Amino acid sequence: MASRPPLPETMSAVYNAAEIEQPLYHWWWRQGYFKPRIDPAQKPFVISMPPPNVTGALHLGHAITAAIEDALIRHHRMTGRPTLWVPGTDHAGIATQNVVERELAKEGLTRHDLGREKFLERVWQWKEIYHKRITEQHYALGVSCDWDRERFTMDEGLSRAVREAFVWLYEEGLIYRGAYLVNWCPRCGTAISDLEVEHEEEQTSLWYVRYWTEDRSRFITVATTRPETILGDTAVAVHPEDARYRDMVGLTVVLPIIGRRIPIIADEAVDREFGTGAVKITPAHDPVDYEVGQRHRLPAINVMNDDMTMNEEAGPYAGQDRFVCRENLVRDLAALGDLVKIEPHVHAVGHCQRCGTIVEPRISTQWFVRMEPLAKPAIEAVRSGRIRIVPERFEKIYFNWMENIRDWCISRQLWWGHRIPVWYCEDCGGQTCARTDPTACAHCGSARIHQDEDVLDTWFSSALWPFSTLGWPDDTEDLRYFYPTTVLETGYDILFFWVARMIMSGLHFTGQEPFSVVYLHGLIRNEEGKKISKSMEDAWRYDPLFLIQEYGQDALRFTLLTGSTPGNDMKLSISRVEANRNFCNKMWQAARFVLGNLGEEAAWYTPPARLDPTPAMDPADRWILSRYHRLAAEVTRLIQAFQLGEAGRQLYEFLWGEYCDWYIEMTKVRLREGGPAAEEARRVLVYVLDGCLRLLHPYMPFVTEALWQYLPHQGEALIVAPWPQPGEVDDEAEALVGGLMELVRAIRNARSEYNVEPARRIAAIIAAEERTAFLRGQRTVLEALARIDGERLTIVEHLSEVPQHALALVVSDYACYLPLAAMLDLERERERLQKELADLEREMTRAQNLLANEGFVNKAPAAVVQRERDKLEDLQTRAMRLRERLAGLE
């Protein structure tokens with residue numbers, strides 16, 4: 001039996017998120033509402049949480065992920081489906097190792113001072129501290145995931161899954177080791193994949209260098225952005241159709257400084273428009289040059305060490321940093337007379353995504369995965385519609401990358417991560433790849449074996465996440481029931497890093513798509529559209545934990561959900577978060593009003609599963625029931641179409657506008673009068689509010705649960721209450737009450753325009769034609785909402801003549817006349833309008849004289865002149881309206 005929710009006995013005067021949110025969260029958790037049941041008769045709804053890195057605090061990117069996924073989970077849980085949300089964290093190899101190394105540096109230590117074993121102990125200590133913080137931050141974000149199924153990418157089960165996947169691919173020949181060109185980060189001291197390189201446009205230089213033939217009778221000039229790599233050149237290339245160099249193909253030139261003899265070759269990869277049309281070829285330090293070198297069987301000479309100092313192949317520059325070498329080499333080339341010129345050049349320079357250091361392409365022995373055989377089934381899965389990407393436009397980007405995929409470098413020269421499960425024999429040189437640690441070489445039986453020092457790319461373990469978290473490679477009950485998962489929700493920026501690799505891995509290792517829908521959200525930016533970073537002066541204002549402390553979790557997540565659309569970046573306005581906190585309080589006050597009008601027999605008003613409008617009901621009741629049923633149907637449709645933002649916006653507009661500002665105000669008349677009509681109003685008030693709380697629960701779980709618990713209800717908790725089912729609609733009631741609302745708005749606007757005091761009740765004469773009976777039935781509502789004096793309200797079917805000295809309003813099917821004498825002091829109003837008109841005419845004269853001045857029109861900036869013209873046009877429009885108002889007073 002459920003325990004009592006931890007709420008104060010009575011509702012406070014205003015909503016206080018701090019006293020509601022965390023107590024409710026832990027109550028839900030203790031009651032077991034986050035844990036799904038396994039029901040073979042039902043297909044479950046499953047999401048695997050994108051695992052945050054154990055590198056520090058959560059940010060707004062995590063907050064929007066949590067908000068979207070929790071909204072989907074809560075919605076499907078309420079529909080009755082077994083619903084599982086698997087939480088977890090990622091070991092984040094490079095990122096975490098970098099953070100811990102920075103901490104060691106504060107102590108004057110490096111990882112090498114500690115050694116591998118002691119360093120890994122420090123990283124595990126870091127992981128325990130920050131894993132705890134991240135989990136507590138997830139509690140604050142209100143995520144309703146099954147914490148008993150929480151996983152970590154380096155826990156025992158997932159480590160076994162990683163080992164199984166590696167050995168599987170190795171045995172199939174899809175994993176291989178070799179010396180190939182990779183991206184090398186000297187700061188991280190490891191190879192990184194193409195996806196981990198971010199290219200930034202920089203203002204650099206283009207150096208033109210002369211290469212002479214051996215007899216110095218001829219030369220060819222090449223242009224380069226990286227002069228230091230000249231030391232590794234093994235050819236000069238020109239385009240085969242470039243007539244300028246046709247007679248030089250096949251000649252040999254001498255490399256400046258080093259003196260190496262290299263050929264001039266022809267290759268179609270050369271861009272004839274770049275520099276001189278002749279380019280240096282450095283196969284060991286450039287991806288295009290590497291491919292050219294493979295085609296022409298050129299040697300690849302690596303001239304740099306791991307730390308990007310020059311090695312012995314660099315001759316006199318050995319030991320120098322690459323950029324120091326650049327300066328010295330350029331100076332020496334100039335001294336030799338072989339530096340032709342230097343031009344400014346904008347160049348896209350590759351940087352390490354993790355630390356920002358300029359990466360260096362270089363030949364290195366690494367482990368790779370052959371991607372093409374894995375990519376083909378993954379392409380087909382999306383193309384056939386078995387996996388749908390939301391929004392659809394990202395499918396084109398997905399196909400483009402997958403169809404041009406390169407082999408994946410999966411080894412990293414790090415200590416933190418899954419160590420590569422390959423052992424090398426010191427006797428026969430053979431490799432042993434095994435699911436369990438071997439004690440002897442699989443080829444010769446020697447015990448003299450040692451394990452590869454490298455670890456796997458973080459994304460290798462992440463690629464297995466949807467099924468490894470459910471027990472794979474074991475045949476577990478969770479894997480059989482909850483896999484494949486349903487939705488993979490994440491940011492569009494890791495579509496290739498993670499999503500594509502999960503699809504490939506899921507299909508290859510399980511034979512099934514790992515999920516059926518990929519939902520991509522955008523990045524969160526500040527109000528000016530700038531990327532939020534720690535270096536911003538007001539970065540603290542965008543800390544999700546600060547925003548939750550200030551405004552509450554419901555306000556933040558509602559802002560994130562309603563301010564975003566699939567695949568698009570959103571601008572986060574702090575004022576919007578504040579406004580949504582006010583929305584929480586608006587609902588709180590509405591519930592207090594409803595509860596305050598139920599009296600001692602509140603339980604009598606417990607809402608039924610469905611309440612349809614009937615002809616016997618008051619038109620206002622029929623109207624709100626019809627509008628609510630339309631809302632329930634539309635919100636359900638939008639959520640299922642992953643249009644969470646639009647669904648939330650419609651809920652906001654209905655609750656704040658139609659329910660609070662209109663329906664509650666309409667019911668106050670009947671509630672004051674009492675009797676059966678008041679009973680019916682109470683019943684409808686509770687039913688519609690109950691349904692709206694259910695619809696809004698995925699967006700604002702805390703305030704909705706609290707209000708639902710205070711109101712009469714069936715069941716133990718809103719989090720597991722049934723999702724609302726749309727009922728009957730009433731077009732006639734919607735038309736009738738909609739027309740009444742238009743009439744009230746028109747009268748309110750007129751009162752505002754004529755500055756009628758809010759407390760003053762005015763007279764009105766209304767010709768209602770076929771709606772006369774309806775309007776007479778709503779007379780007291782009209783009097784209350786439009787502030788009309790009942791004794792001076794006339795409702796007729798037709799008017800024989802138009803009233804004199806009255807403001808005419810034609811709205812919907814109504815002709816409404818408001819006698820001006822009842823609204824204001826006519827003489828005083830006439831004087832006020834005449835004074836306002838005189839002021840406007842003086843302003844108009846000034847503007848006309850200015851625009852008639854040719855000197856001003858010809859010499860002033862065009863924008864200034866146009867501003868004056870626009871101002872004059874506005875003044876003329878306002879003056880025309882004032883004259884019309886004065887004429888109406890006559």
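This is a short walk through a predicted model, stop by stop, with something to select at each one.

**Stop 1: D90**

Start by selecting D90, which sits in the loop between β3 (88-89) and α3 (93-106). Is D90 buried or exposed? Its relative accessible area is 3%, so D90 counts as buried, the cut-off being under 20%. Now show side chains and add S462: a polar contact of 2.6 Å links the side chains of D90 and S462. To see who else surrounds D90, leave out its neighbours within four places in sequence and select P51, P52, N53, V54, F152, T153, T458 and S462, which are in contact with D90.

**Stop 2: the largest pocket**

Keep N53 on screen and add H59, H62, R354 and K531. Of the 45 residues lining the largest pocket, these five are the closest to its centre. The volume of this pocket is about 2,200 Å³. Next, colour the elements that give two or more residues to the lining: α2 (60-78), α3, α11 (458-462), β22 (487-491), α14 (495-510) and α15 (544-551).

**Stop 3: the largest cavity**

Stay with α14 for the next stop. How many cavities of 30 Å³ or more does a search of the whole structure find? There are three, and the largest holds about 110 Å³ of space. Select L169, L374, W408, S505 and F509, which are the closest to the centre of this largest cavity among its 14 lining residues. Then show α6 (156-171) alongside α14, since each supplies at least two residues of that lining. The largest share, five residues, comes from α14.

**Stop 4: a four-stranded sheet**

Switch to a cartoon view and look for an open sheet with the strand order β6-β5-β14-β16 and antiparallel pairing. Its edge strands are β6 (190-192) and β16 (408-409), each pairing on one side only. Zoom in on β5 (residues 175-185), which runs antiparallel to β6 and is joined to β6 by three bridges. For a landmark here, pick C185, which stands opposite T190 in β6. As background, strands of a sheet pair through backbone hydrogen bonds.

**Stop 5: helix α20**

Finish with residues 676-696, helix α20. Try a distance between the C-alpha atoms at its two ends: they are 30 Å apart. At 1.5 Å a residue, the 21 residues of α20 should span 30 Å, so the model agrees with expectation. Before leaving, turn on the surface around α20. Of its 21 residues, 17 are buried, so α20 is largely enclosed by the rest of the structure.

Definitions and conventions
Residues numbered from 1 in each chain as written. Predicted model: local features only at pLDDT ≥ 70, side-chain atom pairs only at ≥ 80, totals over all residues. Heavy atoms only, no water. Buried < 20%, exposed > 50% of the residue type's maximum accessible area, 1.4 Å probe, protein only. Polar contact = N/O pair within 3.5 Å; in protein donor to acceptor, adjacent residues only side chain to side chain. Contact = heavy atoms within 4.5 Å. Expected span 1.5 Å × (residues − 1). Pairing = 2+ DSSP bridges. 1 Å grid on protein atoms, 1.4 Å probe; cavity = no way out; pocket = protein on both sides within 12 Å on 5 of 7 lines; lining within 4 Å. Points joined across faces, edges and corners; volume = space filled by probe spheres on them.
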